[in-house]
Protein chains: 2
Amino acid sequence: MIKPTTDSLPAPTFTDTTSRVVLAHGGGGQLTDDLVSGRILPRLGNNILNQLLDAGVMADASGALALSIDGYVVQPWKFPGGDIGRVAVTGTINDLAVSGANPLGLALSLILAEGFPMANLEYILDSIAATAAEAGVRVVTGDTKVVGHGQADGIYITTAGVGRIPAGRLLGPQYVMPGQLLIVNGPIGEHGLAVMLEREMPDVQSVLRSDVAPLNGLIRDVLDVAGNNVTFMRDPTRGGLAGLCADLARQCGFRVVLDEAALPIRPEAHHAAEMLGLDVLDIANEGKVVLAVEAAAAGRVLDVLHRHPLGQQAVVIGQIAPETDSLCELRTVIGGRRVVQKPYGEQLPRIC
Amino acid sequence: MIKPTTDSLPAPTFTDTTSRVVLAHGGGGQLTDDLVSGRILPRLGNNILNQLLDAGVMADASGALALSIDGYVVQPWKFPGGDIGRVAVTGTINDLAVSGANPLGLALSLILAEGFPMANLEYILDSIAATAAEAGVRVVTGDTKVVGHGQADGIYITTAGVGRIPAGRLLGPQYVMPGQLLIVNGPIGEHGLAVMLEREMPDVQSVLRSDVAPLNGLIRDVLDVAGNNVTFMRDPTRGGLAGLCADLARQCGFRVVLDEAALPIRPEAHHAAEMLGLDVLDIANEGKVVLAVEAAAAGRVLDVLHRHPLGQQAVVIGQIAPETDSLCELRTVIGGRRVVQKPYGEQLPRIC
């Protein structure tokens with residue numbers, strides 16, 4: 001006997017972050033860090049999990065295996081440029097790829113609310129199939145659960161993936177050194193903005209579309225050419241470029257300097273972010289990768305990126321400076337400097 | 001702006017199984033099969049996924065890798081004998097173990113509802129840690145998402161796991177042949193009954209407790225002794241022993257004969273199932289494994305099981321008969337025979 005939803009009051013707003021979970025705990029910002037470092041790692045921590053990488057890397061008889069998982073709760077489930085199925089495949093493949101792993105297979109877990117239209121489920125499954133085919137990766141196992149109407153918001157998907165890291169691949173913040181350049185493969189902020197516009201301002205006409213796309217092919221091309229001249233890769237999803245660069249500065253110990261004038265941001269993204277009261281740097285991407293590259297190899301890396309459909313607008317956006325203060329600094333267009341901080345909480349709930 | 005839940009009517013009941021998802025699509029019975037074979041496999045199918053095993057098995061440089069995933073939505077989140085955290089670790093480890101794989105690592109995805117008490121989350125994380133330690137497996141990666149109050153029922157967990165299958169291990173319904181015996185490691189039905197009693201009849205006092213326990217150690221002991229004399233293993237979770245044996249008969253092509261008098265069912269389980277109007281054979285277990293074993297090796301397998309804390313009540317419950325009709329038959333206590341069918345739908349929503 002499932003109890004019907006009879007709550008006729010507005011949903012409560014939870015703000016006490018110590019005794020209850022709040023939306024901001026899932027935002028990929030400082031409160032997420034607090035939850036992970038304060039509640040999860042003291043209980044589940046070990047030398048792999050504690051690294052908090054996009055994938056857990058396990059030594060194995062023939063090299064290293066990477067295991068990655070992400071839950072996807074994006075709302076609405078369909079938005080300009082993508083849908084929850086495409087995001088669920090892409091996000092996990094990209095987490096494996098930025099770990100230097102070649103994806104071997106995906107696992108797919110669906111949590112469906114009773115009453116979810118079968119036509120929507122089929123649309124999402126078609127999108128999963130198309131995205132997996134685009135990436136050349138197969139779904140090898142899965143699970144489906146159904147909960148009562150009102151016990152989930154339509155559909156939640158969790159995707160896990162396993163991949164193999166070739167022997168000799170050295171990637172991680174410990175290899176990031178002063179003088180290396182930071183490259184991104186194209187314009188930022190467009191996934192989060194497209195989802196937020198669709199949800200909050202559905203009547204606004206915008207050409208913005210989510211950038212959601214699997215990057216394993218592009219990353220394989222880069223590593224084939226540049227090898228260990230690429231020292232670090234990460235996809236700026238929740239927390240955006242700001243969260244990624246603040247984390248990288250903390251982890252590598254040096255200063256990360258971003259050049260505002262070089263950041264690839266379309267005018268439409270600027271406009272949308274202003275309307276929504278957001279900073280483009282904080283906004284999630286689902287088809288972008290930030291690479292730290294030895295300066296001498298940057299030209300070759302850019303050449304490879306520019307030849308790939310998903311890297312045509314790749315640019316250098318900054319560099320690693322010698323200061324050992326673990327800060328991320330933005331050099332602004334008018335010559336100013338400001339510290340870039342990880343977003344605090346949940347400006348963007350349910351963006352992926 | 002998350003819309004508040006303002007639905008003041010009873011939840012609708014969905015019964016049209018072609019245009020909408022209904023609870024029974026998640027029950028592990030025939031409607032789940034319909035969803036998987038009719039909607040999912042035509043879109044995502046491949047030679048690994050199509051086998052519909054507990055884990056997807058991928059050939060790899062040094063043998064085979066197994067990847068498994070399961071979503072856990074059990075309600076209530078705590079019940080006699082366990083909680084959602086223990087189930088989430090156990091279920092995935094057991095899926096790897098029955099595939100013949102030694103677990104290498106787990107990935108953990110949490111979907112939390114805003115307002116979920118932090119103390120409950122910590123209880124669940126402690127349980128995850130304790131269960132993982134009991135099984136000797138580590139959580140190597142994870143993800144946390146938060147959705148609005150009313151957009152999830154407290155906590156949903158998805159666990160994925162990866163494991164290695166030793167070279168030369170032959171396990172699967174294609175190795176199941178007439179004359180082999182079926183063994184189960186102890187009393188059945190107790191997980192589902194304990195959860196249902198807690199949810200539906202919280203005032204009823206019962207000694208029933210969930211059997212939830214990781215079986216990788218017990219299974220490793222058995223395989224060390226019996227090797228490929230064990231031809232098939234599976235854990236009777238959703239769909240229960242009935243679902244498992246009906247599936248096995250269909251997959252191996254022979255008749256599976258169960259001996260009702262031999263089935264290990266505690267009197268308390270009989271009573272509880274009668275109160276709830278359920279058949280113990282249909283009910284989910286979370287600490288049981290059914291093994292098909294060459295008759296000559298059955299004694300050795302039982303000896304090993306009896307020496308393990310989780311196998312002390314192991315018994316032979318049936319055998320594979322030579323008829324090639326793919327039926328599962330129950331020989332009743334009074335000498336009758338009946339066909340055991342896979343449960344149709346969702347007698348037991350949100351049991352795991």
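This short talk goes through two interfaces in a predicted model, the one between the domains of chain A and the one between chain A and chain B.

Let me begin inside chain A, which is divided into domain 1, covering 53–165, and domain 2, covering 173–339. The C-alpha centres of these two domains lie 23 Å apart, and the contact between them draws on 25 residues from domain 1 of chain A and 22 residues from domain 2 of chain A. The area buried between the two domains is about 1,900 Å², and carbon and sulfur atoms give 60% of that area. On the domain 1 side, the residues that lose the most area to domain 2 of chain A are Pro80(A), Asn94(A) and Val98(A), which together make up 27% of what that side buries.

What does the polar part of this domain interface hold, in terms of salt bridges and of residue pairs in polar contact? The rule finds one salt bridge across the interface of domain 1 and domain 2 of chain A, and the count of residue pairs in polar contact, with both residues at pLDDT 80 or more, is eight. Asp54(A) forms a salt bridge with Arg234(A), and the closest N and O atoms of that pair are 3.5 Å apart.

As for the secondary structure on the domain 1 side, at least two residues each are supplied by strand E3 (78–79), helix H2 (84–98), strand E5 (102–113) and helix H3 (118–135) of chain A. The largest share of that side comes from H2(A), with nine residues. By residue class, the side of domain 1 that touches domain 2 divides into eleven nonpolar, nine polar and five charged residues.

I now turn to the two chains. Here 92 residues of chain A are in contact with 92 residues of chain B, and the two chains bury about 8,000 Å² between them, with 65% of it on carbon and sulfur atoms. Val21(A), Arg43(A) and Met118(A) supply 9% of the area that chain A buries against chain B, which is more than any other three residues supply.

The count of salt bridges between chain A and chain B is ten. Arg43(B), for instance, forms a salt bridge with Glu122(A), where the closest N and O atoms are 3.5 Å apart. Across the interface of chain A and chain B the rule also finds 33 residue pairs in polar contact, again with both residues at pLDDT 80 or more.

Several elements of chain A each supply at least two residues of the side that touches chain B, among them helix H1 (30–44), strand E1 (56–60), strand E2 (63–72), strand E6 (139–147) and strand E7 (155–165). E5 and H3 of chain A belong to that group as well, and E5(A) gives the largest share of this side, ten residues. The residues of chain A that touch chain B divide into 49 nonpolar, 25 polar and 18 charged.

Finally, how is chain A laid on chain B, by what turn and what shift along the axis? A turn of 180° and a shift of 0.0 Å along the axis bring chain A onto chain B with an RMSD of 0.0 Å, and that is the relation of a two-fold axis. In chain A, the C-alpha nearest the axis belongs to Ala152(A), at 2.2 Å from it. The same surface serves both copies, in that 100% of the contact residues of chain A recur in chain B.

Conventions:
Residues numbered from 1 in each chain as written. Chains lettered and ligands numbered in written order. Predicted model: local features only at pLDDT ≥ 70, side-chain atom pairs only at ≥ 80, totals over all residues. Heavy atoms only, no water. Domains from an automatic or database assignment. Contact = heavy atoms within 4.5 Å. Buried area = accessible area lost by both parts, 1.4 Å probe. Salt bridge = Lys/Arg side-chain N within 4 Å of Asp/Glu carboxyl O. Polar contact = N/O pair within 3.5 Å; in protein donor to acceptor, adjacent residues only side chain to side chain. Helix = DSSP H or I, 4+ residues; strand = E, 2+ residues; numbered from the N terminus. Nonpolar A, V, L, I, M, F, W, Y, C, P; charged D, E, K, R; others polar. Least-squares fit on C-alpha atoms with pLDDT ≥ 70 in both.
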